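Colleague: Please take a close look at the largest pocket of this model and at the parts of the chain that can be described alongside it. Which residues lie nearest the centre of the largest pocket, and how many residues line it?

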Amino acid sequence: MSIESVRAFFAEKAPDIAVIDSPSSSATVALAAEAYGVEPGRIAKTLSLRVGERVVLIVAAGTSRMDNKKVKALFGGKPKMLGLDEVAGITGHEVGGVCPFGLKTPLPVYCDVSLRAFDEVVPAAGSTHSAVRITPARMAELVNAEWIDVCQHQS
């Protein structure tokens with residue numbers, strides 16, 4: 001299970017951060033906000049994209065929308081979301097639990113500047129019933145993410 005790879009990731013790199021389990025599903029931004037008692041913007045959603053031959057992960061605030069033109073300009077190609085059947089095979093995480101931690105395959109991770117609006121965000125932790133609470137800066141540091149601006153920001 002991918003939640004185990006996430007637990008192992010935090011045990012090794014940030015033992016002070018605990019994986020939180022939720023009895024209710026947090027597979028969507030709205031469900032996650034309800035499950036963890038935070039506003040939807042604080043949910044750090046991870047988008048799994050293919051741009052040409054490359055697969056990248058972009059972590060963004062829950063209420064932001066990816067701007068295809070910005071992504072295309074930055075990565076030099078049209079972004080396509082990974083298919084449902086590809087996501088788990090590449091990231092090791094099922095859809096709804098995708099996160100930049102404990103990945104099956106090392107992938108480039110990017111954090112959208114929309115996350116900087118919050119002192120703490122809540123990304124998934126490998127399953128549709130788990131998450132962590134973390135500062136955006138710490139998350140970016142732990143996964144060696146580069147900060148980018150590729151979303152249209154909603155309030």
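Modeller: The pocket comes first, followed by some individual residues and one helix.

The model is predicted, so local features need pLDDT of at least 70 and side-chain atom pairs count only at pLDDT 80 or more, while totals for chains, interfaces and linings use all residues. Numbering starts from 1 along each chain as its sequence is written, and side-chain values use heavy atoms, with hydrogens and water left out.

The largest pocket (an open set of points on a 1 Å grid over the protein atoms alone, where a 1.4 Å probe fits, with protein on both sides within 12 Å along at least five of seven lines) has a volume of about 390 Å³. That volume is the space filled by probe spheres set on the points, which are joined across faces, edges and corners. Its lining (residues with an atom within 4 Å of a point) consists of 25 residues, and those nearest the centre are Ala27, Lys45, Thr46, Gly96 and Val98. Two or more lining residues come from each of α2, β2 (43–51), α4 (84–91), β7 (122–123) and β8 (130–131); these are DSSP runs numbered from the N terminus, H or I of at least four residues for helices and E of at least two for strands. Strand β2 gives the largest share, 6 residues. By class, the lining has 17 nonpolar, 7 polar and 1 charged residues, where Ala, Val, Leu, Ile, Met, Phe, Trp, Tyr, Cys and Pro are nonpolar, Asp, Glu, Lys and Arg are charged, and the others, including Gly, are polar.

Ser26 sits in the loop between β1 (20–21) and α2 (29–36). Its relative accessibility is 7%, so Ser26 is buried (under 20% relative accessible area with a 1.4 Å probe on protein chains only; exposed is over 50%, partly exposed in between). Beyond neighbours within four places in sequence, the contacts of Ser26 (heavy atoms within 4.5 Å) include Leu31, Ala32, Ala35 and Tyr36 of the residues that follow, together with Gly96, Thr128, His129 and Ser130. Gly96 is one of the residues nearest the pocket centre.

Gly96 also gives a distance to Lys72: the two are 24 residues apart in sequence and 25 Å apart in space, C-alpha to C-alpha. Lys72 belongs to helix α3 (residues 68–75) and is partly exposed at 48%. With neighbours within four places left aside, Lys72 contacts Gly77, Lys78 and Pro79.

Gly102 lies in the loop between α4 and β6 (109–112), and 15% relative accessibility makes Gly102 buried. Beyond four places in sequence, Gly102 contacts Ser5, Val6, Phe9, Thr91 and His93.

Two of these contacts, Val6 and Phe9, are among the buried residues of α1, which are Ser2, Ile3, Val6, Phe9 and Phe10. Seen down the helix axis, they fall within an arc of 115°, so they line one face of α1; the arc is taken from the directions from axis to C-beta atoms. The cover over these residues includes β1, β8 and α5 (136–142). Exposed Ala11 and Glu12 are on the face turned away from the buried side. The 12 residues of α1 (residues 2–13) should span 16 Å, and the end C-alpha atoms are 17 Å apart, which agrees; the expected span is 1.5 Å times one less than the number of residues.
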